[in-house]
Amino acid sequence: MPYASFIVNCGRQPTDAEVETFIKEATTDIAAIYNKPLNVMAVHVDFTKFIGIGGTTDPFANVKLDIIADVHSDVSATTSAVVANLVQKHFGIPSDRVFLQISQFEKHLWGWKGSNIEKLGN
C-alpha cells in the first residue's frame with residue numbers, strides 16, 4: 001500500500017498530459033521496487049512555487065513515501081535514485097534539489113476498505 005506524495009516547484013505548471021504520464025511512470029517504478037501491485041500504489045503530485053531549499057524558490061521537490069514494508073538501506077538508496085531520476089526526467093529538477101523521506105508503517109496502522117491491512121489479511 002505505498003503512497004508517494006510529490007510537492008514540486010519546477011517553475012511552471014505542467015500540462016495535464018505531463019502529470020498523467022508522470023503519475024503512471026512513478027506508480028510503475030515505485031511499485032516495482034517494493035514488489036507491490038499497481039492497483040494499491042497511490043501517487044499524489046502537487047505543484048507550487050512556494051517551496052524551496054537554501055532560502056531560494058529555485059526548482060525543488062519534496063517527496064514523501066509511506067509504505068508497509070521493511071525498508072533497508074539498499075532499498076531506500078534505490079528508491080531515492082528512482083525518485084530523483086523521475087523528477088529530473090519529467091520536471092528538470094537536479095537530484096541535489098530532491099528530498100525524499102520514507103516512512104514505514106505496520107499493517108495495523110494502515111486503513112483500507114473500512115478496516116486495516118492486518119485485519120484484511122494483506
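This report describes the aromatic ring pairs of a predicted model and the surroundings of its helix α1.

## Aromatic pairs

The structure contains 5 aromatic pairs. One of them joins F6 and F22, whose rings meet edge-to-face, with 4.9 Å from centre to centre and 90° between the planes. This pair connects distant parts of the chain, since F6 belongs to strand β1 (residues 3–9) and F22 to helix α1 (residues 16–33), 16 residues apart. Both F6 and F22 are buried.

Another edge-to-face pair is formed by F47 and F91, with 5.4 Å centre to centre and an angle of 75° between the planes. Here too distant parts of the chain are linked, with F47 in strand β2 (residues 42–47) and F91 in helix α2 (residues 73–91), 44 residues apart. F47 counts as buried because its relative accessible area is 16%, under the 20% cut-off, and F91 counts as buried because its relative accessibility is 7%. Ring pairs join F6, F22, F47 and F91 into a cluster.

## A lysine over a tryptophan ring

Apart from the ring pairs, there is a contact of another kind to note. K113 is placed over the face of W112, at 4.4 Å from the ring centre.

## Helix α1: length and buried side

The length of α1 can be checked against its residue count: at 1.5 Å a residue, its 18 residues should span 26 Å, and because the end C-alpha atoms are 26 Å apart, the two values agree.

Which residues of α1 are buried? They are V19, F22, A26, T27, I30 and A31, and because they cover an arc of only 140° around the axis, they lie on the same side of α1. In general, an α-helix has 3.6 residues a turn, so residues three or four places apart point the same way. F22, one of the buried residues of α1, is also the residue through which this helix takes part in the edge-to-face pair with F6.

## Cover, exposed face and helix end

The buried residues of α1 are covered by elements that include β1, β2, β3 (60–67) and α2. Among these covering elements, β1 carries F6, while β2 carries F47 and α2 carries F91, which are members of the ring cluster together with F22.

On the face of α1 turned away from the buried side are the exposed residues A17, K24 and A32. Just after α1, N35 adopts a positive phi of about 55°.

Methods: Residues are numbered from 1 along each chain as its sequence is written. This is a predicted model: local features need pLDDT of at least 70, side-chain atom pairs count only at pLDDT 80 or more; totals for chains, interfaces and linings use all residues. Side-chain values use heavy atoms; hydrogens and water are left out. Rings of Phe, Tyr and Trp (its six-membered ring) pair if their centres lie within 6.5 Å; planes under 30 degrees apart count as stacked, over 60 as edge-to-face and the rest as tilted. Helices (H or I, at least four residues) and strands (E, at least two) are DSSP runs, numbered from the N terminus. Buried means under 20% relative accessible area, exposed over 50%, partly exposed in between (1.4 Å probe, protein chains only). A charge sits over a ring if NZ of Lys or CZ of Arg is within 6 Å of the ring centre and within 35 degrees of the ring normal. The expected span of a helix is 1.5 Å times one less than its number of residues. The arc is that of the directions from the helix axis to the C-beta atoms. Contact means heavy atoms within 4.5 Å.
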